[in-house]
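Please work through the exercises below with the sequence and the structure at hand. Each task is followed by a worked solution.

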Amino acid sequence: MKTLAQLRIEIDAVDQQLLALLNQRAGLAHEVGEVKKLDGSPVFRPDREAQVIAKMQGAGSILKPEGVGAIWREIMSACRALEEPQRVAFLGPKGTYSEDAAIEFFGSSMGALPCQSIDEVFRTTSSGAAEFGVVPIENSTEGVIARTMDLLLASNVHIVGNVSLAVRHNLLRQSSSMEGIAVVYGHPQALAQCQAWLSANLPNAQRRAASSNSEGARQATLDKASAAIASSRAATEFALQTVAKAIQDEAHNRTRFAVICRPEVLPLPGRTGNDAVSLVVSVKNQPGALHDLILPMKKHGVSMTRFESRPARSAQWDYNFYIDLAGHVQDAPVAAALAELQQLCAFYKVLGCYPA
């Protein structure tokens, strides 16, 4: 049996080989970047990166698939940063779940641009101050994020990516004790997702809404009688103690985030074989209108994975319907269904097509 010292020597040697190969890959990535500059191709291609990660995950390894995915995402992120880090706007301050989602999608070598609100994320992305934005779109417990849906309808950006993040809410404060907590800060969605736990464990504590969970964590640093609902990253960012872990009422609580950008930054991502289309439509208020809206998908065998209604702000119709479809707009069945659907609608807008 090899000794610990021998094994460490071998690991150090392998690490040097890995670094040499990473340098070689970075050099090739730089050459790709130069070619893209000449032909005007986008630096970041989520469809291409999704295909690379899927290929490596299927290549066979003693590492878990999610581990392989995380490693290759960071490798590609570091290689892209040699050209220019992608400027990514997200709901801040640093330490939010939105930042976690951004890192999950772009890797930690991105150029982080924390914003004070979802509206600011859209403004920053729409104006070109950031190439991309990351916004929460729906939660498995509390449903859609209404403000995001409204801004997707009105803005000049489209969806090019999708991140589903397991959300584990923690109770944070300056001390590790639950004694003496008078106020709990959190984003309204987080407070709602933890209401049963808060009622059972802190029934007398006042609940105060914050613009984000990280902002709530920042508020908790100002008062010893305050606590916040936030992520582990926020605990590190604001040097807070974790009083209780995973206090969300639903054990499998998840939030889905949309990656947005202007079409000039990144046009329609290519097909990966596992794609999704998001759109918003409205129909005239007449008998059978909603039934007719669904028929084109059934006729062409297209799976509808989400269907949400939101009150419209126009007198021309009553509701907007947000629909997610499985497939790509270049898939023949999806293209045929969308062509028929558009003919039925008083309003029709494709919000994005992206790797699922």
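The exercises that follow concern a predicted model and treat salt bridges, an open sheet and a surface patch.

**Exercise 1.** Determine which parts of the chain the salt bridge between R87 and E131 ties together, and classify both residues by burial.

*Solution.*
Step 1. The closest N and O atoms of R87 and E131 are 2.9 Å apart, which satisfies the limit of 4 Å for a salt bridge.
Step 2. R87 belongs to strand β1 (residues 87–91), whereas E131 is in the loop between α5 (118–127) and β3 (132–139), so the bridge ties together parts 44 residues apart in sequence.
Step 3. R87 has 32% relative accessibility and counts as partly exposed. E131, at 15%, is buried, because buried means under 20% relative accessible area.
Step 4. For context, a search of the whole structure yields 16 salt bridges.

**Exercise 2.** Trace the network of salt bridges that contains R256. Is R256 buried or exposed?

*Solution.*
Step 1. E138 and R256 meet through their side chains in a salt bridge, at 2.9 Å from N to O. This pair links strand β3, which holds E138, to strand β11 (residues 254–261), which holds R256, across 118 residues.
Step 2. R256 also forms a salt bridge with D324, with 2.9 Å between the closest N and O atoms. D324 is in strand β14 (residues 319–326) and R256 in strand β11, 68 residues apart.
Step 3. R256 is buried, with a relative accessible area of 14%. E138 counts as buried at 18% relative accessibility, and D324 is buried as well.
Step 4. The network comprises E138, R256, R306 and D324.

**Exercise 3.** Establish the strand order of the open five-stranded sheet and describe how helix α9 lies across its strands.

*Solution.*
Step 1. The order is β8-β7-β9-β6-β10, and the pairing is mixed.
Step 2. β8 (206–209) and β10 (241–244) are the edge strands, each pairing on one side only. From one strand to the next, the twist averages 35 degrees.
Step 3. Strands β7 (residues 183–186) and β8 run parallel and are joined by four bridges; Y185 has R208 in β8 as its bridge partner.
Step 4. Helix α9 (residues 213–220) lies across β6 (170–173), β7 and β9 (226–230), and runs at about 160 degrees to β9.

**Exercise 4.** Which residues form a nonpolar patch on the surface, and where does I62 lie?

*Solution.*
Step 1. The patch consists of I62, L63 and I71, which together have about 340 Å² of accessible area.
Step 2. I62 is located in the loop between α2 (46–57) and α3 (65–83).
Step 3. With a relative accessible area of 88%, I62 is exposed.

Technical notes. Residues numbered from 1 in each chain as written. Predicted model: local features only at pLDDT ≥ 70, side-chain atom pairs only at ≥ 80, totals over all residues. Heavy atoms only, no water. Patch = residues over 30% accessible without salt bridge, like charges linked within 9 Å, V, L, I, M, F, W, Y side chains within 5 Å. Areas by Shrake-Rupley, 256 points an atom, 1.4 Å probe, with all protein chains shown as cover. Helix = DSSP H or I, 4+ residues; strand = E, 2+ residues; numbered from the N terminus. Buried < 20%, exposed > 50% of the residue type's maximum accessible area, 1.4 Å probe, protein only. Pairing = 2+ DSSP bridges. Axes fitted to C-alpha atoms, helices over the stretch in contact; angles between N-to-C directions. Contact = heavy atoms within 4.5 Å.
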